[in-house]
Amino acid sequence: MHCKNRCLRPQDPATPHAVPMKRMQMLKYHHPSTPPTTKLPFRSSSSSPPDPRVVIDFLQRKRKSPNNEQQEREKEKVQSPDEWNDEELRSLLSSASFTQTHLLQVIRALNDTQTALRFIDWASCHHSPPLHGPSAFQTLFDAASRRLPNPHLRLQELLHQSRLRGLPLSADSASLLIHSFSAVGWVSQSLQIFHDLKPHLRKTPLYNHLLHLLFKSDRPSDALSLAHHMFDSGRRPNQVTGAILFSALLKRSNHGIDEDSIARLVLELGRHGVFPDPVQLTQWITRLCRNCGTVKAWDLLHALKDLGAELQVPSFNALLASLGRERDFHRMNLLLAEMKEMGVEPSVITHGILINQLCKSRRVDEALQVLDKMGKGDETAPDVVTFNTLIDGLCKAGRQDEGLGLMDRMLMQYNCSPNIVTYNCLMDGFCKAGELDNARELFDGMPEQGVPPNVITMNTIVDGMCKNGRISSALQFFKELRGKGLEGNAVTYCSLIGASLHVNNVTKAMELFEEMVSGGISPDSVTYFTLISGLSQAGRLEEASSVASSMEEAGFHLDVASYNVLISGFCRKKKFEEAYKMLKRMEEAGVKPDEVTFNTLIAALCKGGDILTANEVMSKMIEEGCVPSVVTYGALIHGHCKVGNLDEALKLFRSKAASGIRPNAVIYNILIDYLCKGNELDSALSLMDEMRAEGVFPTATTYNSLFKGLRDRNLLDKAYELMDKMNEQGCNPDYITVEILTEWLSAVGETTRLRRFVQGHEVSVSSM
DNA sequence: ATAGGGTTAG
């Protein structure tokens, strides 16, 4: 009786000891799915099984001890079972009750792997029923994994032997091997084992282990594919799967991966009842909002809600805040209604988000109403952040006095102490309103309230002083605080530099810049822009260009606005070559010229009377996908006026107005100015009427042009009429208005009317 | 929840 193809025949004369590899790979072992059909003849019917100990002794006694060379050679081969006296071993194991279990006991008890392998091979052929190979190897793996040190090396060798025999791994063997290999970082070996495993043996815990391994090995996208593979093959995730995926995918290091794919994964887990905890869900929502927009986050939240996930206020808050940032009040209201319906109580944060949104939308009174609806003295009571939001809102709406009042109220009615932010907001409000003294008073009171000023406080006041033209006070204040240990930062210097440039004090600006850099404060992109813009406007293009170079050297890229400001500077100096060079540099740097870039060039060309080239640039503008706007046509209209072609200017004005481009005050002002200069005062006046009829309010510039025209013709009464209109309309005269009228009205002895005008009273009635 | 800029036509 031969066991062809199923086992190695011990009597095969060609290969008594070493079996060629090809033959080896043909070895087929007994496998549960392919039960042996052949019955072996040497089964005895009798008696109890022999003591496994006896078998073990036999196996070990009979085993030849091969020399090292032989051992090396034989490693790659399945050991021939011929080494034992076949008949003797057969009779030893012939008892019918010597089962698979006993065989495994024998294998387990054999200390020596080589002997064990030989025995497995023998028993797979000669025993009846044949030994089940995968189980035998599982026994070997199990034993090897317990022996220290380096069980993984022994397991690797055994795995090799198992593969040589074409044996599939049992689920337990695979799990054991994967655990051992992954513990020493053998990721691809672990994956290979998993891959070779029959799909029905790939159980959830094994998936979990590999998912964990892949994340630990910094292969998040592989982990993600494995997870998707898991779901696709119908394997159910459990809580552990969820715990691994949720926490790993929220880590900073795993932020590169596709959010969509993650969202799908979260949903898939949810379908199996595995949900992120409320904190994780909130983090997901925040991240989805930031990276993919609120719609994705909205969908996820609602899908999870439908799947029965536990939803808590913070998750809603995250979504509400993001909807607020997008000004999506409709969805905010829907979500709030849903919360109410689900019985999720809004928290202080929820109310804070609402208040913040209302304030940012300039609806401060409604925000104050929300405050009144909140609790007092319980956990739904407004906190310092709530008050700060409101105070800031009031200040930004120019209601800084009410802000101050609210600061008192928060302490008195809510027992809530103002903090540094409260003070900073209020001081900013006073500074922006030009009430520097009030700001200073608050500042001086801070230490005794136990709220020491910080760098934001300093910057707020420094900027306030700068914006109110008090640069030397600002410098003085800065110096004073430095003496008290407060250090400035890029923002401090930015305010000071910007203000210096604003008053054309380039020397001071550069000095401050030097001081800043030598003080170890790195300029940021805002500082660079401030410098470039200020220097360009001051006509210091060389310096501006060199700052732009340092900006690039510092690793910042110039943005469109920076290039535009430089181009505009060169244009103002009529250095068109330089302007075009800058345009080229900009394009080379990959920054696309925008509407402003083209308008700058067109305006400069028009100003120089080169309408032809201006039109060419406008064609390029359209080619590049930019749409000419009111500003573009305004520049061209100005160009036509400039070269004395008022008719062409009006023609363009009419045609563009007809095609739906609404002229603005600037365009009317240009035309009115040139009409006045061209002695067409009546047309100018009727254009102003038209302007009003179109809903465009005349500005001081409009009136200035007309006053000049009227003065040249000495049309006093018409001037009084306009002065009244100006007052009625609430249009403040600027210094030019005052200059023209002062000169004209004093010359004709009508200074009273001028005074009344400046004070805002009616001037045309002569009974004064 | 707080601080600095935002370019073009009169």
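In this predicted model, the largest pocket has 21 lining residues, and those lying nearest its centre are M332, N333, L336, L354 and V370. Three elements each give two or more residues to this lining, namely helix 18 (329-342), helix 19 (348-360) and helix 20 (364-373). Helix 18 gives the most, with 7 residues. The space in the largest pocket comes to about 440 Å³, and its lining divides by class into 10 nonpolar, 6 polar and 5 charged residues.

The second largest pocket, with a volume of about 360 Å³, has a lining of 18 residues, of which K467, G498, A499, L501 and H502 lie nearest the centre. Here the elements that give two or more residues are helix 25 (455-467), helix 27 (490-502) and helix 29 (525-537), and the largest share, 6 residues, comes from helix 27. By class, the lining of the second largest pocket holds 7 nonpolar, 9 polar and 2 charged residues.

Besides these pockets, the structure holds 2 cavities of 30 Å³ or more. The second largest cavity contains about 50 Å³ of space, and its lining is made up of V630, Y633, I637, F653, K656, A657, I661, R662, P663 and I667. Helix 35 (630-642) and helix 36 (646-658) each supply at least two residues of that lining. Of the residues that line the second largest cavity, 8 are nonpolar and 2 are charged, while no polar residue takes part.

The protein also meets DNA strand B, which is surrounded by 43 residues, the closest being N388, N424, N459, D524 and N564. Among the atoms of DNA strand B that come within 4 Å of the protein, 40% belong to sugar and phosphate. The residues of the protein surface near the strand divide into 16 nonpolar, 19 polar and 8 charged.

Three side chains illustrate how different parts of the strand are approached, and in each case the distance runs from an oxygen of DNA strand B to an N or O atom of the side chain.

| Side chain | Oxygen of DNA strand B | Distance |
|---|---|---|
| K432 | phosphate oxygen | 3.3 Å |
| N564 | base oxygen | 2.7 Å |
| T600 | sugar or linking oxygen | 3.4 Å |

N564 therefore appears in two ways, since it is listed among the closest residues to DNA strand B and its side chain has an N or O atom 2.7 Å from a base oxygen, a pair that counts as a polar contact because the cut-off is 3.5 Å.

Turning to the packing of the chain, helix 24 (residues 436-445) has L436, A439, L442, F443 and G445 as buried residues. What covers these buried residues includes helix 22 (400-414), helix 23 (420-432), helix 25 and helix 26 (471-483). Helix 25 thus has two roles in this account, as it is part of the cover over helix 24 and gives two or more residues to the lining of the second largest pocket.

For chain A as a whole, the model contains 42 helices and 0 strands. Of its 768 residues, 48% count as buried. Among the contacts in chain A with a separation of 6 or more, 64% are between residues 24 or more positions apart.

Key: Residues are numbered from 1 along each chain as its sequence is written. Chains are lettered from A and ligands numbered from 1 in the order in which they are written. This is a predicted model: local features need pLDDT of at least 70, side-chain atom pairs count only at pLDDT 80 or more; totals for chains, interfaces and linings use all residues. Side-chain values use heavy atoms; hydrogens and water are left out. A residue is near a molecule or strand if one of its heavy atoms lies within 4 Å of it. A polar contact is a pair of N or O atoms within 3.5 Å; within protein, one must be able to donate a hydrogen and the other to accept it, and residues adjacent in sequence count only if both atoms are side-chain atoms. Ala, Val, Leu, Ile, Met, Phe, Trp, Tyr, Cys and Pro count as nonpolar, Asp, Glu, Lys and Arg as charged, and the others, Gly among them, as polar. On a 1 Å grid over the protein atoms alone, a cavity is a set of points where a 1.4 Å probe fits but cannot get out, and a pocket is an open set with protein on both sides within 12 Å along at least five of seven lines; lining residues have an atom within 4 Å of a point. Grid points are joined across faces, edges and corners, and a volume is the space filled by probe spheres set on the points. Helices (H or I, at least four residues) and strands (E, at least two) are DSSP runs, numbered from the N terminus. Buried means under 20% relative accessible area, exposed over 50%, partly exposed in between (1.4 Å probe, protein chains only). Contact means heavy atoms within 4.5 Å.
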